[in-house]
Amino acid sequence: MRKQLETAAVVCCVSVLFLIAGAVPLKAAAQAPSAQEADTTVMYFTLEEAMNYALEHNWDLQNSSLAVRQAEADRWGAIATMLPQVNGTLDYSNYMGYEMDLGEFMAIAMPPYGSIGVNAAMSVSGAQIISALIGKLSIEMADVSHRQSQQEVAEQVRLLYFSALVSEQTVELLQRNLGTVRRLHELSQKSVDAGVAEQVDADQILVQVATLESSINEAERGLEMIYNSMRLQMNVGFDKEIVLTQTLEDLMDVEHSLDLLYDDFILENNFSYQLALQSTELYRKQKNLVGWAYGPTLSAFYQYTGRKYFSDEMTMNMTPPNMIGLTLSIPIFSSGRNYTSFQKAKLDYQKQLNTLENTKMALNIQHRQLKYNLSSAYERYQTQVKNVEVSQAVLDNIGKKYEFGHASSLDVTNAATTLITAQSTYVQAALDYVTAQIELEKLLNKNTYGQSTQEQK
């Protein structure tokens, strides 16, 4: 009998070991499903993967990429106006037997004929050259705008990713606190049923249970709104579930964020300044374009004409087969129209120079303000982290005291309310901290890992 019991115990231990060994890969598979077994309705993203996915699929970015191609097409259109334009013609004429009468004894037949013609022409002016240069500048501006849009989309996804993580953490904390308060309410109700406590004490805690449930529902609705915003930015279908595979602790890089406070602000790396600079150059070229209204235009052409008469009669062919021509057009008088347009273009250029200087000053002031915002947000975040820890410890302590009758239901209610307020303040402080970091990185044109996108290029 003893041997049978020992054998049964060994079998049970082996079975348990097999179950444990089998549970480990199952858990790992749940965290990182294989490509073959992955649910197509669930999409897993790290922060970097989410940003890259948005950069590839966002509709606005696709449109801004098309804008670059449109600018390239416009530039080549401007260049094409300076290249030869060639046209070909084919025609047939029949004078219906008419003859040209040149006197009593002479007539020239006008037989039917067919002709082929080729005409090549081109014209060049200073205005056309400037237009081609403006086209090149437009491509550069469209490219900068596209990269700025990429930066904005990536940073927006990054902020939403952090917001989702913070909201999920908030829901978890509230659910844990709800379990604690529910347990205290059950204990209080048992005391009421036993006649050692009043019903109002249990009701006070029940109200706190309802408050926590409402807070959880509100946080879950807010979390769904965040995920919907991520779907929109990333161009993920509404029927897809997004799962974030990184935690807030993995991504909260305090050392990197504080290093931003000591980074130099290089104006030339900022996209807004680059666009302002290119816009100023565009105004300068437009001024030159208007000024070329005083300049000459050189045109040239070549024409070939071949004619075939469909008759053996003697006729007169006065059409030259080859002809070339040159034209130099010089504007002389425009009643002040060109002068007025040029003066207006000069004033527009001067206004843009003023705007550029204002942009420089505004960006430098913004840099100082964003450094201050980040420093203040970090301090508030650190304070609120500690505040949540202390408030949680207070609620746990009050709960233990309440179980042993050393605290009242009012103490439990106050502690729970304080914790809810602390958690809400912590969420806002965390988002303010992340937002301040992202805004400063955007101004400095730095990506998530602190490298300038200018350096990457």
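**Exercise 1. Strand pairing**

Task: In this predicted model, determine which residue of strand 7 stands opposite Asn-119, and how many bridges join strand 5 to strand 7.

Solution.
Step 1. The residue of strand 7 that stands opposite Asn-119 is Gln-303.
Step 2. Strand 5 and strand 7 are joined by 13 bridges and run antiparallel.
Step 3. Strand 5, which covers residues 113–125, also pairs with strand 2, residues 85–93. This pairing is antiparallel and has 9 bridges. Within it, Tyr-92 has Gly-114 in strand 5 as its bridge partner.

**Exercise 2. A salt bridge between two helices**

Task: State which residue forms a salt bridge with Arg-158, and decide whether Arg-158 is buried or exposed.

Solution.
Step 1. Arg-158 forms a salt bridge with Glu-441, and their closest N and O atoms are 2.2 Å apart.
Step 2. Arg-158 belongs to helix 4 (residues 126–194), while Glu-441 belongs to helix 10 (residues 409–444), so the salt bridge ties together parts that are 283 residues apart in sequence.
Step 3. Buried means under 20% relative accessible area. Arg-158, with 4%, is buried, and Glu-441, with 0%, is buried as well.
Step 4. Glu-155 is linked with Arg-158 and Glu-441 in a network of salt bridges. The structure holds 12 salt bridges.

**Exercise 3. Salt bridges within a helix**

Task: For the salt bridge of Glu-281 with Lys-285 and that of Glu-357 with Lys-360, establish how many residues apart the partners are.

Solution.
Step 1. In the salt bridge of Glu-281 with Lys-285, the closest N and O atoms are 3.4 Å apart. Both residues lie in helix 8 (residues 271–291); because they are 4 residues apart, about one helical turn separates them.
Step 2. Glu-281 is partly exposed at 26% relative accessible area, whereas Lys-285 is buried at 15%.
Step 3. The side chains of Glu-357 and Lys-360 meet at 3.5 Å, N to O. These two residues are 3 residues apart in helix 9 (residues 337–403), and therefore separated by about one helical turn.
Step 4. Glu-357 is partly exposed at 46% relative accessibility, and Lys-360 is partly exposed at 25%.

**Exercise 4. A charged patch**

Task: Identify which residues gather with Asp-312 in a patch on the surface, and where Asp-312 is found.

Solution.
Step 1. Glu-99, Asp-101 and Glu-313 gather with Asp-312 in a patch of negative charge on the surface.
Step 2. Asp-312 is found in the loop between strand 7 (297–309) and strand 8 (322–329).
Step 3. Exposed means over 50% relative accessible area; Asp-312, at 83%, is therefore exposed.

Methods: Residues numbered from 1 in each chain as written. Predicted model: local features only at pLDDT ≥ 70, side-chain atom pairs only at ≥ 80, totals over all residues. Heavy atoms only, no water. Patch = residues over 30% accessible without salt bridge, like charges linked within 9 Å, V, L, I, M, F, W, Y side chains within 5 Å. Areas by Shrake-Rupley, 256 points an atom, 1.4 Å probe, with all protein chains shown as cover. Salt bridge = Lys/Arg side-chain N within 4 Å of Asp/Glu carboxyl O. Lys, Arg positive; Asp, Glu negative; His and termini not counted. Charge placed at Lys NZ, Arg CZ, Asp CG, Glu CD. Buried < 20%, exposed > 50% of the residue type's maximum accessible area, 1.4 Å probe, protein only. Pairing = 2+ DSSP bridges.
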